[in-house]
Amino acid sequence: MTAAAPPMSTKALLTDATTVRLRPRYEGSNICTWIGFKHVNYLVEEAVLVHFADSGAPARRLYEEHGLGLDIVALETRILHAFHMDDVAEAEVTPDTADDDRTLGFRVTLRVERGGSVLKAVAAKVRVSLRADAYLPEPTEPPAEFAPFVVDRLGAEGSAGELARIRVALPDGDEDAVLASLTEGRNAYAWKWNIPYPYCHFTERLQMSGYLRLMEEAKDRFVLDRGISIKTLLDDRRWIPVVPQSSVRVIDEAVMEEDLYTVYTVEEIFKDLTYTARMDCFVIRDGTLTLTATGRITHGYAVIENRSDWRLVPFDQRVLGALAGKQSGT
């Protein structure tokens, strides 16, 4: 017979640090053997999931027994050293939840060995909500100590004032008019996209990894629109985009097969070395555009020196002009 699992508790979850060794996925090595920012964030996510499991509250049990979906609702990551294919990361997760918090907080550090030394490669902050499932019949009540972190809807921990500020009037007209309104007067690119099920989890809603994929696509679409596509700069000068920092925060839920309007706006170009862009995602509800997620990403460029090395380079006038210029389409 299989022994019954002990009752779940938040004690270890909120007090004990955990460490796990992880490998970045092969899929994330798109240029030479370097791992892109999205898959670095996947390592952070996996470390948090392992922390829940090692603390006696694995995501599967939370959902199957208590109808709670483990949702990462905020993710802020600084990449200090690049990961390569076949690297092994040592991931340390440290709880960071205050007494009055309504989300579970964690700090995640990824370390990697380089030349006999262990380097701090990534520092991340993560917030987690436990979303009560309404899709299937009511499950068993979770232990009372989990209650402060349970929400009926993602973003519910935000203030009413915050939610009011992020609803904007929907312009009259067709899809093109909506996209034009989202980019008018801004150094931005926008597109409409129907949310497919592979980007979702717990049967219905867009998950954090889906927003990371959108953030990566937004960059790709933006530079293509400006005439400096990823392949163009690779072919012309062996330049690749690099990401030292990214963040995404879920404000409201986005549901499978809803139309999502994504806006990528260049906010700041720092000298000729990096630029920061904001991603905002909207759905149409009750005749208004409602923000479901927002985030920021910082990009620079590096030149490929050989199959294992690259170095950062300043933007030239062509790239600066494209980043600062007007949009050529949506």
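**Why these words fit**

Trainee: Why is tryptophan 191 called buried?

Mentor: In this predicted model, the relative accessible area of tryptophan 191 is 3%. Buried means under 20%. So tryptophan 191 is buried.

Trainee: What makes tyrosine 189 buried?

Mentor: Apply the cut-off again. The relative accessible area of tyrosine 189 is 9%. The limit is under 20%. Tyrosine 189 therefore counts as buried.

Trainee: How many aromatic pairs does a search of the whole structure find?

Mentor: The search finds nine aromatic pairs. Take tyrosine 63 and phenylalanine 202, whose ring centres are 5.0 Å apart.

Trainee: Why is that pair called tilted?

Mentor: The planes of tyrosine 63 and phenylalanine 202 stand at 35°. Stacked needs under 30 degrees, and edge-to-face needs over 60. The angle of 35° meets neither cut-off, so the pair is tilted.

Trainee: What makes this pair a tie between parts 139 residues apart in sequence?

Mentor: Look at where the partners lie. Tyrosine 63 is in helix α3 (residues 59-66), and phenylalanine 202 is in the loop between β11 (200-201) and β12 (205-206), so the pair joins parts 139 residues apart in sequence. Both residues are buried.

Trainee: How do you know that tyrosine 189 and tryptophan 191 form a pair, and why is it tilted?

Mentor: Their ring centres are 6.2 Å apart. The limit for a pair is within 6.5 Å. Their planes are at 40°, so this pair is tilted.

Trainee: Which residues do ring pairs link into a cluster?

Mentor: Trp239, Tyr275, Tyr301 and Phe315.

Trainee: What makes arginine 237 count as sitting over the ring of tryptophan 239?

Mentor: The charged end of arginine 237 is 4.7 Å from the ring centre. The distance limit is within 6 Å. Arginine 213 also lies over a ring face, that of tyrosine 199, at 3.7 Å from the ring centre.

Trainee: How do you know where the largest pocket lies relative to domain 1 (1-158) and domain 2 (161-329)?

Mentor: Both domains give residues to its lining, so the pocket lies between them. The volume of the largest pocket is about 940 Å³. Its lining has 36 residues, and Ile35, Ile240, Pro241, Val242 and Val243 are nearest the centre. β13 gives the most, with five residues.

Trainee: How do the lining residues of the largest pocket divide?

Mentor: Into 21 nonpolar, nine polar and six charged.

Notes. Residues numbered from 1 in each chain as written. Predicted model: local features only at pLDDT ≥ 70, side-chain atom pairs only at ≥ 80, totals over all residues. Heavy atoms only, no water. 1 Å grid on protein atoms, 1.4 Å probe; cavity = no way out; pocket = protein on both sides within 12 Å on 5 of 7 lines; lining within 4 Å. Points joined across faces, edges and corners; volume = space filled by probe spheres on them. Helix = DSSP H or I, 4+ residues; strand = E, 2+ residues; numbered from the N terminus. Nonpolar A, V, L, I, M, F, W, Y, C, P; charged D, E, K, R; others polar. Domains from an automatic or database assignment. Phe/Tyr/Trp six-rings, centres within 6.5 Å; stacked < 30°, edge-to-face > 60°. Buried < 20%, exposed > 50% of the residue type's maximum accessible area, 1.4 Å probe, protein only. Lys NZ or Arg CZ within 6 Å of the ring centre and 35° of its normal.
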